[in-house]
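Here's a quick tour of one sheet and one cysteine. Have the structure open and follow along.

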Amino acid sequence: MAFDYIAEQLCERKSQALFRERFLISNTQDCRMTVDGVSYLNFASNNYLGLSSALPNTSQAGSHSSPLVTGYVQAHADLETYLASELGFEACLLFSSGFSANSSVLKTLMSHAESEIFQDKLNHASLIDGGLAAKAAMTRFNHNDLSHLSRRLLKSKAKHKLIVSEGVFSMDGDTAPIEALSALAKQHDAWLMIDDAHGFGVLGQHGKGSCYLDEGIKPDLLILTFGKAVASSGACVLCSREVRDYLIQFNRDYIYSTAMSPMVAEITLQHIQRLFHADDLRHKLTSNIRYFKQLCNEHNIALMSSSTAIQPVVIGDADTTLTVANELKKRGFWVGAIRPPTVAYNTARLRITLTASHSQADIMSLVNQLKQLL
């Protein structure tokens, strides 16, 4: 059975007394901490100068150590529990960045024999780096090309197959056919992993993301990052309890990194709770996207086939793209100039990102400038 090594290796760890567990720290102060209602003198913290108690009446800024030493506190548990419950997963695991979550999950999970990763060619660098670091074979399929992916899957002799895609592609702004990817995964006894950095908070029912359109599709692994629509920082992986336990045992980024700041975890939870009730802001963003596309069409400014907040204007030549971006800055508009190797050669572009905070006047001003410069 695919991915049966996960349960086998967890059992082996337990039999060897090597199974790692997190202990929930309910209170830390100076060199004392509380676990399950019992107070301890803490000799496992990296809070060398005791600065964590220097600022009264503030949330705990640092976690002082990795989650498996003394860094796992109630703020982390609350955020993980809330996300797993709201999004319908058994478990959630927090990471300090989206790059760390993507790359480390792939290199940890896909380093078993007879494994193969199938990645969309436009996947984010963190996913590509994770695939390259894994011991699994890595196969790239043409962007959103289900026929190409199907042929690749048919040729594969791997026992453990993982299909990896972004929900919203960060440079093109288009979306993945998640329902069809899920169907292909089931057909080929593969798992599906979706990085929804740019979909979470914006798309789907109450902003739950690309996997929550219509009836909803639950991938085997869902990566969410908090530095985009959530307006915080960090990331998480949503998965089964078994996969969560496997990552706790073997994910070196998680094991050997200081845990997310408890203060950031608290703020992130508050932002996500607000985000799930922000349908009015999502409607405003959708209206702004529609208005921008309408104006560009009226002024013959070519756009890519994106209906999301990411609206690239492909210029082609890197030097020209940089010149246009710099001229826009002189006129008071900051737009990203995306050039190779981030995107393919001869596809250098202005990466315009719209928000609910922009007014129609803001958007019209930008389009007027684009009309003059392109």
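## A three-stranded sheet

Start with β11 and strand β13 (residues 348-353), which run antiparallel and are joined over 6 bridges. Keep in mind that this is a predicted model. Within that pairing, Gln311 sits opposite Ile352 in β13.

Now bring in the rest of the sheet. The order is β11-β13-β12, making an open sheet of 3 strands with antiparallel pairing. At the edges you'll find β11 (310-316) and β12 (336-338), each of which pairs on one side only. On average, neighbouring strands here are turned by 30 degrees against each other, if you ignore direction. As general background, strands of a sheet pair through backbone hydrogen bonds, in either a parallel or an antiparallel way.

## The helix on the sheet

What packs on this sheet? That would be helix α11 (residues 318-330), which touches β11, β12 and β13. Compare directions and you get about 35 degrees between α11 and β13.

## Over to Cys31

Next, have a look at Cys31, in the loop between β1 (25-29) and β2 (32-35). Is Cys31 buried, exposed or partly exposed? Its relative accessibility is 41%, so Cys31 counts as partly exposed, because that class lies between the 20% limit for buried and the 50% limit for exposed.

As for company, set aside the neighbours within four places in sequence, and Cys31 is in contact with Tyr40, Leu41 and Asn42. And if you're wondering about Gly216, Cys31 is 185 residues from it in sequence and 47 Å from it in space, C-alpha to C-alpha.

Key. Residues numbered from 1 in each chain as written. Predicted model: local features only at pLDDT ≥ 70, side-chain atom pairs only at ≥ 80, totals over all residues. Heavy atoms only, no water. Helix = DSSP H or I, 4+ residues; strand = E, 2+ residues; numbered from the N terminus. Buried < 20%, exposed > 50% of the residue type's maximum accessible area, 1.4 Å probe, protein only. Contact = heavy atoms within 4.5 Å. Pairing = 2+ DSSP bridges. Axes fitted to C-alpha atoms, helices over the stretch in contact; angles between N-to-C directions.
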